Number of protein chains: 2
Amino acid sequence: MPNFVSANRIAEVAALIGDAARANMLSALMGGHALTAGELARHAGVTPQTTSGHLTKLLEAELVALERQGRHRYYRIASTEVAQAMQALMSLAAEGPRRHYPVGPREEALRRARTCYDHLAGRLAVGLADAMAAQGFVQIGEGAALVTGEGRRFLAGFGIALEEDGRARRPLCRTCLDWSERRPHLAGRVGAALLQRMLTLQWLARRPDSRALRILPAGEDGLAEIFRLPVDQL
Amino acid sequence: MPNFVSANRIAEVAALIGDAARANMLSALMGGHALTAGELARHAGVTPQTTSGHLTKLLEAELVALERQGRHRYYRIASTEVAQAMQALMSLAAEGPRRHYPVGPREEALRRARTCYDHLAGRLAVGLADAMAAQGFVQIGEGAALVTGEGRRFLAGFGIALEEDGRARRPLCRTCLDWSERRPHLAGRVGAALLQRMLTLQWLARRPDSRALRILPAGEDGLAEIFRLPVDQL
DNA sequence: GCGATGCTTCTGTGGCCGCCGAACCGTCCC
DNA sequence: GGGACGGTTCGGCGGCCACAGAAGCATCGC
């Protein structure tokens, strides 16, 4: 029959995500942290044994990957492809009937700054992308972003080396549509590097048990001075 | 609870796609043609009444949109967001155990040139992207592409006007990872415009009942002369 | 008007799958 | 060692949902 990337395989993986418990687990893993089975069970709101079943399925389908460490087993998103698919589904889910979710304090923290798999999201990320674009470090198109030569130098000065691998067309930068802001922000290799660097510089800190990020004093200063991004306006 | 883009909503839409029949329908619609319920029923391999049920669900979730015309009802993908999600899931599904699908002649035609929702895909699309990048009309990054000033002029000469809407950050061009080539090609507004223009110029023709495209003689000439893309090498 | 066609709604049936209780296996700590 | 704890496997139950048969409702042709 006509379809041969076998729409059936698409259905398989979509069905895998299309279960409340598993979607919650994957969603939790989108925070970028590797989590143990128990933590995932709590996130999903089901018993450990049920969780275990789900995890084996996700493992077989290579949607998540496993790392053992002593008696703990850490699960994480298996690949950026998976993260992208989840991202696309989030955007889709965030559309629709525009439900009025009451904005609690926790949600407010998430809207302000959070991780999205391996990069920044939230108002901070959108503001950062805008600020860098304004200074000519990146060019942002629809679903697309490129680092300029100037931007490359700027990032190098900030401690991020974009290895100049031979093929000029390779490296760089994607954008990722933020469900809370409905605006693009920087993802891809550059996005991941920015998050990492800001964590090691202690500009930002992960909150335990949440995708939300705290902006530390050093971060407020650094973002304002180096990135020309006044954090208090976020 | 922690998750609040409600992973449950993600699960809902994923589950919607995660059914073989519905996935086949959506997959068929990814060809870019609007299809009738009957055609979709045939694609999915189920009876019309079952199809009807699926379609109401897809409609409610706004994954597909409906256009009535006499006693026919034409269904199409509702938005680019949906198309992107499907695209991401295809990439994911195409990964994995790398099954050996025997490559039939039909599949070969698809690998060569086909539509992907509203733009080109297959070797033709990848080659086109490469050729345009080589001539400096676009810059292609990872998951990202931008049209240069030169490219803008080139496209204008080819009959594609990229309206310069005020906000400089808006328009342009995405890339889309091709499952068959595992390489990016041009999507977004530019990708759609290129496909449209080549269809109206009769460079390409849609095949009935398939996503595959035929490259017409005028297309062979034009692609070689204007885009510097020798089609016979695809 | 008539029937034919395209599509839908209604209804019942069947199967798959997510769920938990219980038991089992491994790792850590003292 | 023993015991606690993190994880997994097994078995049986329950509910949801995709499916087709039959009937209903539009639109087309004559």
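Me: What makes the pair formed by Gln49(B) and a base nitrogen of DNA strand D a polar contact?

Reply: The side chain of Gln49(B) places an N or O atom 2.8 Å from a base nitrogen of DNA strand D. A polar contact is a pair of N or O atoms within 3.5 Å (within protein, one must be able to donate a hydrogen and the other to accept it, and residues adjacent in sequence count only if both atoms are side-chain atoms), so this pair qualifies. This is a predicted model, in which local features need pLDDT of at least 70, side-chain atom pairs count only at pLDDT 80 or more, and totals for chains, interfaces and linings use all residues. Residues are numbered from 1 along each chain as its sequence is written, chains are lettered from A and ligands numbered from 1 in the order in which they are written, and side-chain values use heavy atoms, with hydrogens and water left out.

Me: Which side chains of chain B contact phosphate oxygens of DNA strand D?

Reply: A polar side-chain atom of Lys57(B) lies 2.4 Å from a phosphate oxygen. For Thr47(B), the distance from a side-chain N or O atom to a phosphate oxygen is 3.1 Å.

Me: How many residues are near DNA strand D, and how is that known?

Reply: A residue is near a strand if one of its heavy atoms lies within 4 Å of it. DNA strand D has 22 such residues, with Gln49(A), Tyr75(A), Gln49(B), His54(B) and Lys57(B) coming nearest. Of the atoms of DNA strand D within 4 Å of the protein, 73% belong to sugar or phosphate and the rest to bases.

Me: What surrounds DNA strand C?

Reply: DNA strand C is surrounded by 21 residues, of which Gln49(A), His54(A), Lys57(A), Gly70(A) and Tyr75(B) are the closest. Sugar and phosphate make up 74% of its atoms that come within 4 Å of the protein. A side-chain N or O atom of Gln49(A) is 2.7 Å from a base nitrogen of this strand. Phosphate oxygens of DNA strand C are found 2.4 Å from a polar side-chain atom of His54(A) and 2.6 Å from a side-chain N or O atom of Tyr75(B).

Me: Why are α2(A) and α4(A) called roughly perpendicular?

Reply: The axes of α2 (residues 20–29) and α4 (residues 48–60) of chain A come within 10 Å and cross at roughly 70 degrees. Angles of 65 to 115 degrees count as roughly perpendicular (under 35 is roughly parallel, over 145 roughly antiparallel, the rest oblique), and the two helices therefore meet that description.

Me: Which residues bring these helices into contact?

Reply: With contact meaning heavy atoms within 4.5 Å, Ala21(A), Arg22(A), Met25(A) and Leu26(A) of α2(A) meet Thr51(A), His54(A), Leu55(A), Lys57(A) and Leu58(A) of α4(A).

Me: How confident is the predictor about chain A?

Reply: On pLDDT, the predictor's confidence in each residue from 0 to 100, chain A averages 83, and 82% of the residues score at least 70. Among its elements, strand β8 (residues 173–177) has the lowest mean, 63, and helix α10 (residues 217–225) the highest, 95. Over residues 166–171 of chain A, pLDDT stays under 50.

Definitions and conventions. Axes fitted to C-alpha atoms, helices over the stretch in contact; angles between N-to-C directions. Helix = DSSP H or I, 4+ residues; strand = E, 2+ residues; numbered from the N terminus.
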